[in-house]
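Colleague: I'd like a close look at one part of this model, taken slowly, as I'm still new to reading structures. Could you start from a single residue and work outwards from there?

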Amino acid sequence: MAEPQPAGSAKRGPHFITPCMGRTSRVTPSSGALVRGLYSRPGVADGDLFVAAGTQLYRVSTAWAATALGPLQGAAGTVLFDNIGSNLIALAGGSIYQWDSTNGLRVSTDEDTPMNAYTLASLGDRALSSAEGSDQFDWSDTGSAVSWPASGFATSGRQPDEILNQTVLGGDLWHFGSNSTQLWRAVGGDDADAFDILSVTLDRGIIGRDAIAKLCAKYDDDYWAIILRASPIAKSRRLWRR
């Protein structure tokens, strides 16, 4: 379980690991290192917990033993995680990584990898990312986050908007921007035609990249918390009432 940092606690990162109800075990991957991100999913490394702490990525077993897997870019800032099949993918310090049991931890050095990558998602067996401040998103080759095709990118000509977050909801790719939300879908095919925009565009954006989080999954439903920007209409109404 990850808990928010207590107020006034300068020695902890944005989150720290604490036992769930009924558990008494704790783990400190690296003494003094800030926890930058957590990830666990069935089918990825037997469901073990991955922890980004300081400049290292760790794998934590069900026996609470932490094993260092390799270095990550930066020493602070949130690390984003996802997976392509059984392979873990991560975004740290603007660089994109992949870990698998065969090749270990690798960073993408492909010249077509988004520079200063800011978002991360996975759909259609591809990694998806966008550069900070950009309305263009890129996708990787099938099954790999360290190989990116030169033709694998797209932008929305319908309503250009900086992409702040990419999240897969209900099998569709949601682009949350600063002023709008747009939906894309994976259509397969060649690298240049792997994704297509849907007709749905919402005139509401989010306040920042980390303003969306999955709360829980129950039966076949997922529950999310999303902090949206106030709509222009709402702002106008407030001004009018004054």
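What follows is a walk through a few residues and strands of this predicted model.

Colleague: Where is Asp48 found, and which residues is Asp48 in contact with, leaving aside its neighbours within four places in sequence? After that, please carry on to the strands.

Modeller: Sure, let's begin with the residue you picked. Asp48 sits in a loop, the one between β3 (35-39) and β4 (49-53). Being in a loop doesn't put Asp48 out in the open here: its relative accessibility is 10%, so Asp48 counts as buried, the cut-off being under 20%. Leaving aside neighbours within four places in sequence, the contacts of Asp48 are Tyr39, Ser40, Arg59, Val60, Ser61 and Thr62. Pick out Arg59 from that list, as the side chains of Asp48 and Arg59 make a polar contact at 2.9 Å.

Now follow Arg59 into its own surroundings. Strand β5 covers residues 56-60 and strand β6 covers residues 66-71; they run antiparallel and are joined by 5 bridges. Look across from Arg59 into β6 and you'll find its bridge partner, Thr67. The hairpin of β5 and β6 has 5 residues between the strands, and in this hairpin Trp64 takes a positive phi near 65 degrees.

Let's go back to β3, since another arginine is worth a look there. Arg36 lies in that strand. Arg36 is buried, yet it has no salt bridge: Asp210, the nearest side chain of opposite charge, is 11 Å away. What the side chain of Arg36 does have is a polar atom 2.8 Å from the backbone oxygen of Gly77.

Next, find Leu88, which lies in strand β8 (residues 87-92). With a relative accessibility of 1%, Leu88 counts as buried. Not counting residues up to four places away in sequence, Leu88 touches quite a list: Tyr39, Val44, Phe50, Leu57, Phe81, Asp82, Asn83, Tyr97, Gln98 and Trp99. Tyr39 should ring a bell, as it was among the contacts of Asp48 too. Leu88 and Asp100 are 12 residues apart along the chain, while their C-alpha atoms are separated by 6.5 Å.

Zoom out a little and you can place β8 in its sheet. This is an open sheet of 4 strands in the order β7-β8-β9-β10, with antiparallel pairing. Its edge strands are β7 (80-84) and β10 (104-107), each of which pairs on one side only. From one strand to the next, the twist averages 25 degrees. As a rule of thumb, side chains in a regular strand alternate between the two faces of the sheet. Strand β9 (residues 95-100) pairs with β10 in the antiparallel sense over 4 bridges. Asp100 turns up again here, with Gly104 as its bridge partner in β10.

One more sheet to finish. Another open sheet of 4 strands has the order β11-β12-β13-β14, again with antiparallel pairing. Here the edges are β11 (117-123) and β14 (153-155), and each pairs on one side only. Ignoring direction, neighbouring strands of this sheet are turned by 25 degrees against each other on average. Strand β13 (residues 136-139) runs antiparallel to β14, and 3 bridges join them. If you want one pair to find on screen, try Asp138 and its bridge partner in β14, Phe153.

Definitions and conventions:
Residues are numbered from 1 along each chain as its sequence is written. This is a predicted model: local features need pLDDT of at least 70, side-chain atom pairs count only at pLDDT 80 or more; totals for chains, interfaces and linings use all residues. Side-chain values use heavy atoms; hydrogens and water are left out. Helices (H or I, at least four residues) and strands (E, at least two) are DSSP runs, numbered from the N terminus. Buried means under 20% relative accessible area, exposed over 50%, partly exposed in between (1.4 Å probe, protein chains only). A polar contact is a pair of N or O atoms within 3.5 Å; within protein, one must be able to donate a hydrogen and the other to accept it, and residues adjacent in sequence count only if both atoms are side-chain atoms. Contact means heavy atoms within 4.5 Å. Two strands pair if DSSP finds at least two bridges between them. Lys and Arg count as positive and Asp and Glu as negative; His and the chain ends are not counted. A salt bridge is a side-chain nitrogen of Lys or Arg within 4 Å of a carboxyl oxygen of Asp or Glu. Axes are lines fitted to C-alpha atoms, for helices over the stretch in contact, and angles run from 0 to 180 degrees between N-to-C directions.
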